[in-house]
Amino acid sequence: SPLNLFLDEPTSGLDSESALALMQYLKGYARGKDPLTGRRRRVIVTIHQPSSHIWELIDNVVLLAEGRLMYQGPRQTINDFFESYGHPVPRHYNPADHFIEVLFKIPDVDADGLSEMHGDTNAHEMWSKCFRQWRKEEIETSVTHQSQPNWIKRKTYVVRNDPVDRKRDKVKRAAKKSTRIAIELTRRSFVGLLRNPIALGLRLAIYGGMSLTIGILFFDLESKHNIHAILLSRSALLYFVIAFCSSMSVAVIPFAIVDRGIVEKEVRNHVYHPAFYHASQSLANVPVCLVLALVVSIIVLGMTGLGRAGIQTNVHFGVILFFTFLCADATSMFVAHISPEMISAICISSGIFGVFTMFMGFMVTPENMPVWLRWLYYVPFMTYSFRSLMYIEYSELNVNASDLVQANPLKGSSFGSDQENITNVVEDSISGMRHLKRDYFGLDQVNITNAFSQPIEVGDSTLKDPSLEDVIFSEAPSFNGTLILDSFEMGNVNVSHDLIVLVFWGIIMHALSITYLCWKKHKGRRHFVYSD
């Protein structure tokens, strides 16, 4: 929406109807105001032999011949100029054609008392002198009658002497302009999203398809109480949701790259500050992230059964995903701003998210990381999302030992009376459950061995060949999820604090983006080069 639009022969090659439609559109464009600044627009067109209908649409005319100015002013007064020198427009004749033809004829200078110009043989030079003389007389006449010619445009300003009032008016104008710019840029960002339904729909389809795949793979996971489902499946599901959905935020990069050339031109022309552009892009991503978080939450929680704990758990799950998507989009937008092209931006973002997923605390807990790398555990925003979801899932988890025994794949296996075989099996089982603390069961190898040496009384019968489950869970009445949180070093997680961290993480990334754009604007002042 430029304030000054220059068009060189826009009607060339068009039929009369198309040319008229184009000029009518340009007429309406010039009559409107710029939505960002509220200023009037100007359309400057070079045109040859306009039709009479097109001629009526023109407001002001600049008539040139051989580089000389023949006339400049409103269209309504051009006939007065040529009529004063003996060449009025004939009736039922195209005015534009008449003026072009007249410029090759000698003006009737005697009619205006300019006989000294009879020595000139160049008609264009004579018409140029006639126009300068005619304009001078118009100005003198307007001064004599205390009026101004209709081709002179002036603005009237109200001057306030009070500096406080001037400052207050300046602040009001700046606030009004800023609000108008913010609204228009946000509207333009939403329009840009709606004009790319394929990109937006593809992102929604990917998130929805991923959620359906997870739902099928982990279907009804909540009802499964075996060790693998409790320890690995739930934590792996939460890890994958955070890692995959965050990495897919690279989909916002094309939206930031495509408009870069236009934005740089508008910023360098002081149409708006780059902070307004970045803020509008960020606001346009909020409803997108909200929809994606709702889709993933409904499908994953509904199919896996993890949402049966209650409405509060479901809300927490969706809120955490929402802020995670906002942080991921903020990171991708920052990378898009600092990257020279789209391919490099996508590669850099993918690399950053890949590194972040390694330090989330799922693959390696902070305690097992190298000392000089432990600080990286607290850098990724995905760390706070993952451990919050883990805390929500496991903090209230409490499984009865009898249910766990019934779901155990080793259920019903009897190991006979071979003391060595029993001890080996128990040792292998204990070592395989590396995330569980041995002292939770109150048993060690010696106690387990002694337990097998004595028969176990169950009701009125005596069990001489106890199974492994009977030994392990004879002293474990229930299975508490806090044990798993402790093994991941997440026992002291505060979900509210982690949400605050996510908010500040997103704010910091947006601040970095705005800082870079401002630096780029300052650098562009010294190198005022337009780029396509």
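Mentor: Let's start with a term: a residue is buried when its relative accessible area is under 20%, exposed when it is over 50%, and partly exposed in between (1.4 Å probe, protein chains only). This is a predicted model, where local features need pLDDT of at least 70, side-chain atom pairs count only at pLDDT 80 or more, and totals for chains, interfaces and linings use all residues. Residues are numbered from 1 along each chain as its sequence is written, and side-chain values use heavy atoms, leaving out hydrogens and water.

Trainee: Why is Ser 280 called buried?

Mentor: Its relative accessibility is 1%, and the limit is under 20%, so Ser 280 counts as buried. Ser 280 sits in helix 11; helices (H or I, at least four residues) and strands (E, at least two) are DSSP runs numbered from the N terminus.

Trainee: And what makes Met 382 buried?

Mentor: Its relative accessible area is 0%, so it passes the under 20% test. Met 382 belongs to helix 14 (residues 381–394). Leaving aside neighbours within four places in sequence, its contacts (heavy atoms within 4.5 Å) include Ile 242, Phe 353 and Met 360.

Trainee: How do you know that the buried residues of helix 1 line one face?

Mentor: They are Ala 19, Met 23, Leu 26, Tyr 29 and Ala 30. Seen down the helix axis, they fall within an arc of 115°, so they line one face. That arc is taken from the directions from the helix axis to the C-beta atoms. The face turned away carries the exposed residues Glu 17 and Tyr 25. On the buried side, the packing partners are strand 1 (4–8), strand 2 (42–46) and helix 2 (52–57).

Trainee: What makes the span of helix 1 close to the expected one?

Mentor: Expected span is 1.5 Å times one less than the number of residues. For the 16 residues of helix 1 (residues 16–31), 22 Å is expected, and its first and last C-alpha atoms are 23 Å apart.

Trainee: Why is a space inside called a cavity?

Mentor: On a 1 Å grid over the protein atoms alone, a cavity is a set of points where a 1.4 Å probe fits but cannot get out, and lining residues have an atom within 4 Å of a point. Four cavities here have 30 Å³ or more. Helix 10 gives the most to the lining of the largest cavity, with five residues. Also among the lining residues are Tyr 277, His 337 and Leu 517.

Key
On a 1 Å grid over the protein atoms alone, a cavity is a set of points where a 1.4 Å probe fits but cannot get out, and a pocket is an open set with protein on both sides within 12 Å along at least five of seven lines; lining residues have an atom within 4 Å of a point. Grid points are joined across faces, edges and corners, and a volume is the space filled by probe spheres set on the points.
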